[in-house]
2 protein chains.
Amino acid sequence: MLTDSVEEGSLPNRFRALWDEIAPVGRDEGSGGYLRYALTEPELRLREWFRGQADRRGMPVTEDGNGNLFARWGEPTAGDAVLTGSHFDSVPHGGAYDGPLGIVSAFLAVDELRAAGVAPARPVVVGAFVEEEGARFGVPCLGSRLLAGEITVDRAAGLRDAGGVSFAEALGARPAGARPELLGGFAAFVELHVEQGRAMVDADAPVGVASAIWPHGRWRFEFTGEGNHAGTTRMADRRDPMLTYAFTVLAANKEARLRGAHATVGRVAVEPNATNAIPSKVTGWLDARAAEPQTLTGLVDAVRAKAAERARRDGTEVALTEESATPLVAFDGGLAERLAALLDAPVLPTGAGHDAGVLAAHLPTAMLFVRNPTGVSHAPAESASDADCAAGVTALARVLEELTCR
Amino acid sequence: MLTDSVEEGSLPNRFRALWDEIAPVGRDEGSGGYLRYALTEPELRLREWFRGQADRRGMPVTEDGNGNLFARWGEPTAGDAVLTGSHFDSVPHGGAYDGPLGIVSAFLAVDELRAAGVAPARPVVVGAFVEEEGARFGVPCLGSRLLAGEITVDRAAGLRDAGGVSFAEALGARPAGARPELLGGFAAFVELHVEQGRAMVDADAPVGVASAIWPHGRWRFEFTGEGNHAGTTRMADRRDPMLTYAFTVLAANKEARLRGAHATVGRVAVEPNATNAIPSKVTGWLDARAAEPQTLTGLVDAVRAKAAERARRDGTEVALTEESATPLVAFDGGLAERLAALLDAPVLPTGAGHDAGVLAAHLPTAMLFVRNPTGVSHAPAESASDADCAAGVTALARVLEELTCR
C-alpha cells in the first residue's frame, strides 16, 4: 500500500523540487508562456533531462526511431509492460502543465512504488512522445501516429516547419514508422494530463478519469463580397463580407450553447485588411466539438444555414470547407470504470485530442486528469496546485500498481 | 461657347486616345488594379508623361519643391490663376480613375478651350499633387499639406515607406514646405474626380458638384478576454473577445444605417489567431463618417456603448482610442452654387478626403464628380464611361472659362 510520506519530505514538496528543474526551460519572460516546439533547443534540453531522470533511476532508455523516448523499469522478459507518460512540446506561449505533468508524474509514481516496496510483476515504461501539439510541423500527435502507423513515413518525413526544415531533418533521420512489435509489448497506456477546463473544479475532485474524446473538427468559412471605399460607399450599396463573418461568429456561439457543444472562431484573415476599405473577402475558421457525432453535425449544419441566410441579406457569398474531422474516441470502458472505482474519481469526457486518443485504437488506454483551478489551457494561466499534482502522482502510482501487480 | 466636336474626332474618342496612353502604367495583370505609389517607377513615368503633355501644349512646368507639378497656360503676369488637376498615385490595387482622371481631363479641357478660341484673362494651371493616397508614406494629401504648410517639413521629410526609404530620400531633397506666395497666386482650385459611390447613378447625372467632405475618423477598439483552449473550455467559462468584436461590427453597421452615416470595420488583428485557441485579444478598426459632426459623434458614442454592454455579457474588456479625426470640410458655398447653376448639375457631399479638402482652407475650392456606374472605388472595378468622362471634360472647360474669363 502506498503512502505519501517518505524521508525526503512530503510528496507535494518532492513534486515541486522535480518540477522546478524544468520550469525555466523554454519559458518566455514576456508572456510567461512556453515555447517548447518539438526538437528545438528547449525541447531537446527536456529530452536530455528525461534521459538523466531515467539514468538516476536505473531505467534504460530506448528511442523508437520516430522521436519517441521510452524508459523501462523492470525486465522486458517479465511480460507486457504498462506504458505511462505524455509529451514535452508546447503550443506557442502555452502553459507549463500540458504534457510535462504526465512525464514528471510518471517518474515520481515510479519513486512512490519503489519507496512503498512494490515489485511489479510486469515492467512500467515511462514515455515521452514527440510533436504532440503539432505546433511545429502541423500534425498533432505526430509521434504516436508514426508509432501506430497512422501516418505514412513519407508524409511525416516531408512535413516542414515555418522555416522550411523537414521533420526528417529535425529528427536527423527518416522516421521508422509503425512499430507493431513495440506497441504489442504494451498491455495498456495511461496518460496523466492537466485538465483543460473547469469540470473538475465543479466536481470538487483533484483527479478524474477520461471516458472519451469528443468528436471534433475544423471548418473554413470563406465570405466573399465586394471590396470598396469605406468613406464613400453608401450602406445600401455595400456587399460587406465582414458583416456575414460577424453574424456567423455569433451564430456559432449561440448554436453551440443551445446544444451543449463547443464552437470557437479564433482565427480570421481579411483582404485587404485596411481601415478605409470594405473587405473583399473574410475567411474565418470554426473549431467545433460535441459529445456525440450527430450533435456536432447538427451544430455545423445550423451554423452553415445561418451564415447562408445572412449572406443573402448582405449580398455576399459563403463557401464552407471541412479542413479536418476527428471521430469520437471512446476509451476502454472497462478500464475507465476499474480506475474510477480504484481512485473514487469522477469520469468525464474531454474536447481535446491526445496521444492517448491515437493509441486507444491499438491497446487498452486510459487518461487521468488533474484539476486545473483556472480551467485555462494552451495559455500561460494554465495551472495546477502542488497538492493536486501530488494527488495525481499518488493516483497514477495506484493505477500502475493495479495494472502491473494484479 | 464650347462644343464637343472638333476635327480630331469626338470628345469621347479623344478622351479615350489620351487615356490609353497611361492605362498600362503600373497596372497589375493579376488583379487588374494599379500599383502607382508616389515617386516609384510607375508614378515617375506618369510624371514624365505630364511633362510631355505640357510640352506638347507649350505649357511651362514648375515643381514646388514638395513634389507637386504645375503646368501653366497663360502669362503669369495676367493675374491670379485658376488651378485644376488631381494626383497620379493609387492605393494598392486601386482603380484607374481615382486621381488621373482629374489630370487627363484638365489637359483636355485646355484643348477644348483653345479649340473654341477662348482666350482666358487669367492663367489656367494644371496641377499634379504627390502622395494623395498616403499609400506609400502613410499621410494622405502629403503634397498639398506641404504646399499649404499643414504638415511640418521635418515630419514630412522623415516619413518612411515600408522599405525604410524616407520621403526626402524619395523626393531627392528636403521638401520646401509652405509656399504661400505660390498658393497666393491662385484665385481658385477646381478638382475633377471620379465619384466614389453611386449617388450620381441615382441622380441620373454624369457630372456633379461637391458641397462638402464629411467629417470622418478612425477609432481603434481593443477587446481583451482570456486566451484558452477551444476544445476543452466550456462555453460558460469563456471570456472570448471575438464575440464582443463580432457584436460591435454588427452594431456599427446598424447604428450607421439608422443615422444615414457610414461605418466600416475593414481591419482586424487577433492574438494568437489560431484555429484551436479562444483569442486573448481582438483589435478592430472602425472607420466612421457622417454629414454632420454631431451625427458622427453620436454614432461613435452609440457603438462604444453597445460594445461596452456586450463586453459585460462576454466577460471581456473594451478600450477605445481615437486614431484620427478630420472635421467637416465645407467647400466655398457661393462657388459650388455658381458652378452647379452653370452646369445644371446636382450638388452632393462626399465621404472621402482629397487635396481639395486641404486647399479649401486656403483658397476658394470646388470639386466636380464624374459618374461611376459601379460605385466602386479604391478597387479594380472603379469605372466611368468615356461619354461621362467627356461630359466631365466639357464641364471642367466651362468652369475654367467661367472662372478665368469673367
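Me: Why does Glu255(B) count as buried?

Reply: In this predicted model, the relative accessibility of Glu255(B) is 8%. The class of buried residues takes values under 20%, so Glu255(B) belongs to it.

Me: What makes Glu255(B) and Arg259(B) a salt bridge?

Reply: The closest N and O atoms of Arg259(B) and Glu255(B) are 2.5 Å apart. The criterion asks for a side-chain nitrogen of Lys or Arg within 4 Å of a carboxyl oxygen of Asp or Glu, and the pair therefore qualifies. Both residues belong to helix α9 of chain B, 4 residues apart, and about one helical turn separates them. Arg259(B), at 32% relative accessibility, counts as partly exposed.

Me: Why is the pair of Glu21(A) and Arg56(A) called a salt bridge, and which parts does the pair tie together?

Reply: The N to O distance between these side chains is 3.8 Å. The limit is 4 Å, so the pair of Glu21(A) and Arg56(A) is accepted. Glu21(A) is in helix α1 (residues 11–22) of chain A and Arg56(A) in helix α2 (residues 41–56) of chain A, so the contact ties together parts 35 residues apart in sequence.

Me: Why do Glu21(A) and Arg56(A) fall into the classes they do?

Reply: Glu21(A) has 35% relative accessibility and counts as partly exposed. Arg56(A) has 57%; exposed means over 50%, so Arg56(A) counts as exposed.

Me: How do you know that Arg239(B) and Glu226(B) form a salt bridge?

Reply: Their closest N and O atoms are 3.9 Å apart, and the rule accepts a separation within 4 Å. Arg239(B) lies in the loop between β10 and α9 of chain B, and Glu226(B) in the loop between β9 (216–224) and β10 of chain B, so the pair ties together parts that are 13 residues apart in sequence. Arg239(B) is partly exposed at 32% relative accessibility, and Glu226(B) is partly exposed at 22%.

Me: How do you know that chain B and chain A are related by a two-fold axis?

Reply: A turn of 180° with a shift of 0.2 Å along the axis lays chain B on chain A with an RMSD of 0.2 Å. That is the relation of a two-fold axis. In chain B, the C-alpha nearest the axis belongs to Ala246(B), at 2.2 Å.

Me: What makes the surface used by both copies the same?

Reply: Of the contact residues of chain B, 100% recur in chain A. In number, 57 residues of chain B are in contact with 57 residues of chain A. The two chains bury about 4,900 Å² between them, with 56% of that area on carbon and sulfur atoms.

Me: What makes Arg234(A) and Asp202(B) a salt bridge, and how many salt bridges does the rule find across the interface?

Reply: Their side chains meet at 2.8 Å, N to O. As the cut-off is 4 Å, Arg234(A) and Asp202(B) therefore satisfy the rule. Across the interface of chain B and chain A the rule finds 4 salt bridges, and there are 20 residue pairs in polar contact. The largest share of the side of chain B that touches chain A comes from α9(B), with 10 residues. That side divides into 25 nonpolar, 20 polar and 12 charged residues.

Me: Why is the contact between Glu222(A) and Lys281(A) called polar?

Reply: The side chains of Glu222(A) and Lys281(A) make this contact at 3.1 Å. A polar contact needs N or O atoms within 3.5 Å, so the distance meets the limit. Glu222(A) is located in strand β9 (residues 216–224) of chain A.

Me: How do you know that Asp204(A) is exposed, and what is the value of its phi?

Reply: The relative accessible area of Asp204(A) is 62%, and exposed requires over 50%. Its phi is near 60°, a positive value in a residue other than glycine. Asp204(A) sits in the loop between α8 (199–203) and β8 (207–213) of chain A.

Me: Why is His378(B) placed in its accessibility class?

Reply: His378(B) has 16% relative accessibility. The limit for buried is under 20%, so His378(B) counts as buried. His378(B) is found in the loop between β17 (365–370) and α13 (386–405) of chain B.

Notes
Residues numbered from 1 in each chain as written. Chains lettered and ligands numbered in written order. Predicted model: local features only at pLDDT ≥ 70, side-chain atom pairs only at ≥ 80, totals over all residues. Heavy atoms only, no water. Least-squares fit on C-alpha atoms with pLDDT ≥ 70 in both. Contact = heavy atoms within 4.5 Å. Buried area = accessible area lost by both parts, 1.4 Å probe. Polar contact = N/O pair within 3.5 Å; in protein donor to acceptor, adjacent residues only side chain to side chain. Helix = DSSP H or I, 4+ residues; strand = E, 2+ residues; numbered from the N terminus. Nonpolar A, V, L, I, M, F, W, Y, C, P; charged D, E, K, R; others polar. Buried < 20%, exposed > 50% of the residue type's maximum accessible area, 1.4 Å probe, protein only.
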